[in-house]
Amino acid sequence: MNPSSVSGQGTSADEVLFSAFRERKTSNRRWWLALLVPLLAGLAAWASLHEVPGSMRIITANGIKMVSPGMAQEEVLRMLGRPVGRERNAAGQDCFQHGQFSLTEPSTTLYVLCYEAGQLREVSTRRYSLWGVGPDGTFVPAGIQMGPPPPRP
């Protein structure tokens, strides 16, 4: 029996059997795609880190959010959620405090966002220490159990 008649295509059985190992010309499209994907990923990462002048990153329970002066108050509240406090600054602007307090962290950051005519005008931060006072009058960082004082010699 003729091997070319077995394959039915006029080629030898060896050619059909080892066709997967023959060199094939690779497409230029694959090389362009292989170069373009990391380039686009790098560009997206750079754009996400590029800040608008005056903007600030705020850490929330749902991730890091970016706010900029001039944003509408409703837009900021949708992004950050309900504020933990409210005050009026010396310039008469309404200021809302956003942040998360924890009983296990030794300090926290409170973000103060001040609005004028419904637009964000000023963003500042305040850092608070969350230390407690132990039964013996010593300062104890948050998250450490305050038990009875050790016996004194």
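**Figure 1. Order of helices and strands along the chain.** Read from the N terminus, the elements follow the pattern α-α-α-β-β-α-β-β-β-β-β-β. The chain holds four helices and eight strands; both are DSSP runs numbered from the N terminus, with helices (H or I) of at least four residues and strands (E) of at least two. The model is predicted, and local features need pLDDT of at least 70, side-chain atom pairs count only at pLDDT 80 or more, and totals for chains, interfaces and linings use all residues. Residues are numbered from 1 along each chain as its sequence is written, and side-chain values use heavy atoms, with hydrogens and water left out.

Of the 153 residues in the chain, 18% are buried; buried means under 20% relative accessible area, exposed over 50% and partly exposed in between, with a 1.4 Å probe and protein chains only. The chain exposes about 11,900 Å², of which carbon and sulfur atoms supply 59%; the areas come from the Shrake-Rupley method with a 1.4 Å probe, and for residues only the protein chains shown count as cover. Among contacts (heavy atoms within 4.5 Å) between residues at least 6 apart in sequence, 27% join residues at least 24 apart.

**Figure 2. The hairpin of strands E1 and E2.** Strand E1 (residues 56-60) pairs with strand E2 (residues 63-67) in the antiparallel sense, over five bridges. Two strands are taken to pair if DSSP finds at least two bridges between them. Two residues form the hairpin connection from E1 to E2. Thr 60 stands opposite Gly 63 in E2.

**Figure 3. The aromatic pair of Phe 96 and Tyr 115.** One aromatic pair is found in a search of the whole structure. The ring centres of Phe 96 and Tyr 115 are 5.7 Å apart and the planes are at 65 degrees, so the pair is edge-to-face. Rings of Phe, Tyr and Trp (its six-membered ring) pair if their centres lie within 6.5 Å; planes under 30 degrees apart count as stacked, over 60 as edge-to-face and the rest as tilted. Because Phe 96 lies in strand E4 (residues 94-99) and Tyr 115 in strand E5 (residues 107-116), the pair ties together parts that are 19 residues apart in sequence. Phe 96 is buried, at 9% relative accessibility, and Tyr 115 is buried at 3%.

**Figure 4. The backbone at Ala 117.** Ala 117 is found in the loop between E5 and strand E6 (119-129). Its phi is near 55 degrees, a positive value in a residue other than glycine. Most residues other than glycine have a negative phi. With a relative accessible area of 77%, Ala 117 is exposed.

**Figure 5. Salt bridges of the chain.** The count comes to three salt bridges, each defined as a side-chain nitrogen of Lys or Arg within 4 Å of a carboxyl oxygen of Asp or Glu. Arg 86, Arg 88 and Asp 94 are linked in a network. In this network, Asp 94 meets Arg 86 at 3.4 Å, N to O, and Arg 88 at 3.0 Å, N to O. Asp 94 is partly exposed at 23% relative accessibility, whereas Arg 86 is exposed at 57% and Arg 88 is exposed, with a relative accessible area of 57%.

**Figure 6. The salt bridge of Arg 126 and Glu 87.** The side chains of Arg 126 and Glu 87 meet at 2.7 Å, N to O. This pair links distant parts of the chain, with Arg 126 in strand E6 and Glu 87 in strand E3 (residues 85-88), 39 residues apart. Arg 126 is partly exposed at 30%, and Glu 87 is partly exposed at 25%.
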